[in-house]
Amino acid sequence: MLKRKPEPDTATQRQLELVLRSVAEAITVQDPDGRLIFANDAAAEMVGFPSAEALIAARPEERMAGFEVLDEEGAPLGLETLPGRRALAGVDNEQIIRYRIRATGEERWSIVRGAPFPDPESGWTLAINTFHDITDRVLAERRLAFLAEASERLGAASLDWEETLHELARLAIPMLADWCIVDVLEEDGQTLRQVTVAAAEPSKEAVLREMRERYRPTVDSPQPAAKALREGVTVFYGDFTPESLRATTRDDYHYELIQRLDPHAAIAVPLIARGHTVGSVTLAFAESKRSYDATDVDLAEELARRAAFAVDNARLYRAEQEAGERLAFLAEVGRVLGSALDYEATLKRVAELAVTRLANWCAIHMLDDAGEIRQLTVTHRDEEMIPIAAEISARMPVDRGGRFGVTNVIQTGRSELFQTIPDALLVNVTAGDEELLTEVRKLGLVSLMCVPLIARGRVLGASTLLGDEPKRRFAEEDLAEAEELARRAAIAVDNARLFREAERRADAARVLAYIGDGVVLLDNEGVVRLWNRAAETITGLRARDVVGHRMVSAVPGWSAIANRVPVATAPGTGSHAESLPLELTDRELWLSISGVDFPEGIVYAFRDLTEERALDRLKNDFVSTVSHELRTPLAAIYGAALTLRRADVTLAEEQRDRLLVVVANEADRLARTVDDILWTSRLDTDTLQVAIGSCDARTLTEDVLSSAETHLPDNITLDLEAPADLPLVAGDPDKIRQVLANLVENAVKYSPDGGAVAVSLEQRNGTVRFTVSDRGLGIPAGERERIFDKFFRLDPEMTRGVGGTGLGLYICRELVRRMNGRIWVEARDGAGSKFSFELPTHEKGAAEAAPDPSS
Ligand code: ADP
């Protein structure tokens, strides 16, 4: 209704009124005094008046009493700056006006336009105000901005989830609450922990804190936070009545505190991320007297979702980081374990690592070879505690047979975890030792886990980890980590043991390689699995040609003796080795061989007896030769003596002389045979003295030859060829004479058909060489080395009737060696042989000490 000072034209007025009234927007018209001369119903409704008439009738103070006018930022606005006033001054203007309805606390926004309207009739300028409500738009924009900011702030704080929740609380005020509380669920899944509170009125923050301190909600307590958590949906408290308020408290004081907070309306929103509830946020309007409408709830839930997401992210990140730390820790463990082959030291190190990260106290028990459980190490994070931990551990009986224990874990191969150690457990593990029990209780142990050390399916031991402070309450992740640590340690221990075993085997293999006995391993199929170095050396057959083949096909001659080799059924029950000939392709070996049967096959061990066999044969030959050598002269002497003694026969002087010469010669031959044996024995026992001096080779040779001449057969001639200017020889003259005499004697002896025996002397590179050549039987090339061996004779059966002991050349070689010379034999062109020996020349002033006989 338009109320005008001058009487208006009522027809026009009615039309205008009709139009203005039907418009949904609030419209008022003011006269130059600021009084309303028109208002439509929308305008009345907007400012809380029952009708347009009532609004127009009201005085300006009354009109404004129901609300506060604010500018866009929320600061009080003077009435004179409102668009209507400016329109009256002739300015067409527009402004966003915010106003709070005192009765409900609700805030609204309008775009208000003030337009000057010159009234032609009165000449006045009126102000036409139009109000366009933009509250929904503003709120939507604010919510968007709020959420954007929330996201940004929550995101920024994301790595510290507690900080994230502080942000959440700060954000909620004043947009969503006058005070708020954020609680999170503890890891035990039961208790709620207040993370943060915030209040528009600072005094209320203290009250909130006190309340949360005293009345910590649990999952089943009456507070809204707990209810939201339980139900997983937003809990809504529209208007609190004393009763409904009391229902959310636990006792009178709690109620008193909550009354001081004076909640008008409240909601509790669960913080849910990835399907699980991590906490809840309680929002309350108090002094602002606002209530929660659906939009507020949506916004709060959106905020809670973002916060929960940030918390979850932070927790995931923290878990990830912990996993990273775990990985780094395990890498360190791996390094320690990988580098160590001494497993005891390794496990000590593992225990030390475990107390740097997992536990306060770690003990490791191992099963020993006898299957006994033995404590290997115990350590404590606090160095001062190590002796105490060690002492208590040592006194802790291992085999206590209870439900819990190292024994149990080792027997079952299953871990045990006690997040909280029941006292009954302590009683059990201390097995009735009261004093020990008291000490263990004093340690204030909280958590315990015991994990088996398992490798290749076998339990090797167990590792016990203890935590003695609330923070060390072991969770499933700790158990998993301890198990991983134990698994790695067990593998390392197993490796170390395998390595030790392999080393032992390698040692055995080395021994097998170096022992002088041939060792052969045949599997049950008769295939050679091992053929050691000595077996190679003795047989001349390479391992690569034998191993993997059947022994009967790889080793010639084996099949002929295989059945004759004695085989014991168990090591140590030793059957005697048998001497058996092994006919190889190119030679015969004499082996002293025996075998041991074992489940996987047979091991043969053998020694080469070929040399000993040959020596034995030579000795046998020697005995028969020597018998002959002794018997022949003895028979001759005996015959001569008998003849000389005969009374019935008168011997001519000449006959007697001949017989006496025979006696003398044969006695001499006997003496020489006996001498040979004596010399040999002295050489063998190393009791022969050689006195190196200087001697004239020529004179010495002439002596030997002239003595040989005395009993030289008629068909032999002796010649000497020697330069006049020979140097002196460094040697023992008697020994040189003996060697030379022996060679000349042999030359004569082994020339049964006669011939010239030539002796020559010559100087050669600091030596004098003596050579005796004959035209006799000669020596086959293959035997030229062996004729210098003890007892060796080319013709032991004496088919040519030439006797001897087989010792002469052996003695010669040994004497020449002891005088630092050498002796050898060569073939001579045509027939016969050529023996030579060389001795060093005598240097003036050179030492004449006897050389080392071993050289
Ligand atoms: P024996 O007492 O048998 O002569 P030796 O040691 O002096 O012992 O000689 C060993 C063997 O060497 C002899 O049995 C003989 O067969 C051979 N032998 C030694 N000297 C000669 C030689 N000048 N000509 C041929 N054979 C020889």
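A residue counts as partly exposed when its relative accessible area lies between the 20% under which it would be buried and the 50% over which it would be exposed. In this predicted model, D262 has a relative accessibility of 35%, so it counts as partly exposed. D262 is found in the loop that links α11 and β10. Its backbone has a positive phi of about 50°, although D262 is not a glycine.

The loop of D262 leads from a helix pair to a sheet, and the sheet is taken up here before the helices. Five strands make up an open sheet, with antiparallel pairing and the order β8-β7-β11-β10-β9. The edges are held by β8 (192-199) and β9 (235-237); each has a single partner strand, so one side of each lacks a neighbour in the sheet. On average, and with direction ignored, neighbouring strands are turned by 15° against each other.

Strand β7 (179-185) has pairings on two sides. With β8 it shares 7 bridges in an antiparallel arrangement, and in that pairing I181 has V197 of β8 as its bridge partner. With β11 it shares 6 bridges, again antiparallel, and here C180 is the bridge partner of L283 in β11. How many of the residues of β7 are buried? The count is 7 of the 7, so β7 is largely enclosed by the rest of the structure. Both of its faces are covered: one carries W179, I181, D183 and L185, the other C180, V182 and V184, and all of these are buried.

Further along the sheet, β11 (residues 276-285) is joined to β10 (residues 265-273) by 9 bridges, and the two strands run antiparallel. Within this pairing, A268 has T282 of β11 as its bridge partner.

Helix α7 (residues 161-172) lies across β7, β8, β10 and β11, and runs at about 35° to β8. The loop between α7 and β7 contains P174. The peptide bond from I173 to P174 is cis, with omega near 0°.

The helix that precedes the loop of D262 is α11. Helix α11 (residues 252-261) packs with helix α8 (residues 202-214) at an angle of about 155°, and their axes are 9 Å apart. Because of that angle, α8 is roughly antiparallel to α11. The crossing of the two helices is left-handed. On the α8 side, the contact is made by K204, V207, L208, E210, M211 and R214, which meet Y253, H254, L257, I258, R260 and L261 of α11. By class, the residues of this contact are 7 nonpolar, 1 polar and 4 charged.

Two loop residues elsewhere in the chain remain. S751 sits in the loop between α26 (733-749) and β26 (755-764). Is S751 buried or exposed? Its relative accessible area is 4%, and because residues under 20% are classed as buried, S751 is buried. Apart from neighbours within four places in sequence, S751 is in contact with I716, D774, R775 and G776.

F791 belongs to the loop between β27 (767-773) and α27 (808-818). F791 has a phi near 70°, a positive value in a residue other than glycine. A positive phi was also noted for D262. D262 is partly exposed at 35% relative accessibility, whereas F791, at 11%, counts as buried.

Definitions and conventions
Residues numbered from 1 in each chain as written. Predicted model: local features only at pLDDT ≥ 70, side-chain atom pairs only at ≥ 80, totals over all residues. Heavy atoms only, no water. Helix = DSSP H or I, 4+ residues; strand = E, 2+ residues; numbered from the N terminus. Buried < 20%, exposed > 50% of the residue type's maximum accessible area, 1.4 Å probe, protein only. Contact = heavy atoms within 4.5 Å. Axes fitted to C-alpha atoms, helices over the stretch in contact; angles between N-to-C directions. Parallel < 35°, antiparallel > 145°, perpendicular 65-115°, else oblique. Left-handed = near helix turned anticlockwise from the far one by under 90°. Nonpolar A, V, L, I, M, F, W, Y, C, P; charged D, E, K, R; others polar. Pairing = 2+ DSSP bridges.
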